[in-house]
Amino acid sequence: MDNYEKNWLNKRPQRLCKMCGRCCRASTTSNSYEKLVKMAEAGDEGARDFLGVFEPYESVEAARAQDGELVDNILKELGTSEGVTFYGCKFIKEDNLCGNYENRPLLCRHCPSTPWAVVPPGCGFENWLMWKREEDKHKVRRAKEQLQELDLMVTSDPETLEKIAGVKQTIQKTIDMHKKHGSDYW
Ligand code: SF4
Ligand code: SF4
């Protein structure tokens, strides 16, 4: 295991996983199935990994039959079921353990990959994700404060003004990268 991988795993307390297998039975991505296939054909590693383990359900109803609670949670988060494809892993076993454990791709090793991942109610990561989301919100609030502090700086020196504009742009990126999660209102 290289250092990069160790860092990832250090950030995720894997012991929290209850090994219920629910996230393996109903998952989705922000890309359509057709786009994923094209990305995989073009050599995108993430798309190839995903399609290497996950198979699309025929319909949202078919996914709901596997885990209605999780599917509805994800749809609620997305705000639509239009064009959404759900997937189930072909390696998940009856006892909820992974049948591909040693060779599971990074997307499985790094799950949940962001604090904003939608997990089923009762997932062992629920509280941890909530805590990580609060950390993100704190970062955004701090970024907004810094923008205000910069706005209050008084200078007419063009070089300084240019530097301030550059710093503001960088800070704004922190806010914008969380926009879809509501950072405008934090
Ligand atoms: S849903 Fe949560 S607790 Fe269950 S297997 Fe997935 S990560 Fe682990
Ligand atoms: S490969 Fe294993 S860990 Fe990954 S989704 Fe499938 S069953 Fe879950």
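What radius of gyration does the chain have, and what would a compact globule of 186 residues have? I looked this up at the outset, and found 20 Å for the chain, against a value near 16 Å for a compact globule of 186 residues. I note here that the model is a predicted one.

**Overall form**

I then took the extent along the principal axes, where the C-alpha atoms of the chain fill a box of roughly 70 × 35 × 35 Å. Counting elements, I found 8 helices and 2 strands in the chain, and reading from the N terminus on I wrote down their order as α-α-α-α-β-α-β-α-α-α. I also looked up the contacts between residues at least 6 apart in sequence, and 66% of these join residues at least 24 apart.

**Surface and charge**

Of the 186 residues of the chain, I found that 28% count as buried. The chain exposes about 12,500 Å², and I noted that carbon and sulfur atoms supply 51% of that area. For the charges, I compared the mean position of the 28 positive ones with that of the 30 negative ones, and the two positions are 4 Å apart.

**Ala63**

I picked out Ala63, which is found in helix H5, residues 60-78. Is Ala63 buried or exposed? Ala63 is buried, because its relative accessible area is 0%, and the cut-off for buried is under 20%. Leaving aside the neighbours within four places in sequence, I found Ala63 in contact with Tyr57, Val71 and Phe86. I also checked Ala63 against Gln146, which is 83 residues away in sequence, and the C-alpha to C-alpha distance came to 45 Å.

**Aromatic rings**

My search of the whole structure for aromatic pairs gave 5 of them. In one of these, the rings of Tyr33 and Tyr87 have their centres 6.2 Å apart and their planes at 50°, so I entered the pair as tilted. This pair links distant parts of the chain, since Tyr33 lies in helix H3 (residues 33-41) and Tyr87 in strand S2 (residues 87-89), 54 residues apart. I noted that Tyr33 counts as partly exposed at 30% relative accessibility, whereas Tyr87, at 0%, counts as buried.

I went on to Phe125 and Trp128, whose ring centres are 5.8 Å apart with the planes at 70°, so this pair is edge-to-face. Phe125 is buried with a relative accessible area of 4%, and Trp128 is buried as well, with 10%. Which residues do ring pairs link into a cluster? I found that the cluster consists of Tyr33, Phe50, Phe54 and Tyr87.

**Backbone checks**

I looked through the backbone with a general point in mind, namely that most residues other than glycine have a negative phi, and most peptide bonds are trans. The peptide bond from Cys111 to Pro112 is cis, with omega near -5°, and I placed Pro112 in the loop between helix H6 (106-109) and helix H7 (126-152).

Met19 is not a glycine, yet I found a positive phi of about 55° for this residue. Met19 lies in the loop between helix H1 (3-11) and helix H2 (22-25), and counts as exposed at 54% relative accessibility. Asn96, again not a glycine, has a positive phi of about 75°. I located Asn96 in the loop between S2 and H6, where Asn96 counts as partly exposed at 26% relative accessibility.

Notes: Residues are numbered from 1 along each chain as its sequence is written. Chains are lettered from A and ligands numbered from 1 in the order in which they are written. This is a predicted model: local features need pLDDT of at least 70, side-chain atom pairs count only at pLDDT 80 or more; totals for chains, interfaces and linings use all residues. Side-chain values use heavy atoms; hydrogens and water are left out. Helices (H or I, at least four residues) and strands (E, at least two) are DSSP runs, numbered from the N terminus. The radius of gyration is taken over C-alpha atoms; the globule rule is 2.2 Å times the number of residues to the power 0.38. Buried means under 20% relative accessible area, exposed over 50%, partly exposed in between (1.4 Å probe, protein chains only). Contact means heavy atoms within 4.5 Å. Accessible areas come from the Shrake-Rupley method with a 1.4 Å probe; for residues, only the protein chains shown count as cover. Lys and Arg count as positive and Asp and Glu as negative; His and the chain ends are not counted. The place of a charge is taken as NZ of Lys, CZ of Arg, CG of Asp or CD of Glu. Rings of Phe, Tyr and Trp (its six-membered ring) pair if their centres lie within 6.5 Å; planes under 30 degrees apart count as stacked, over 60 as edge-to-face and the rest as tilted.
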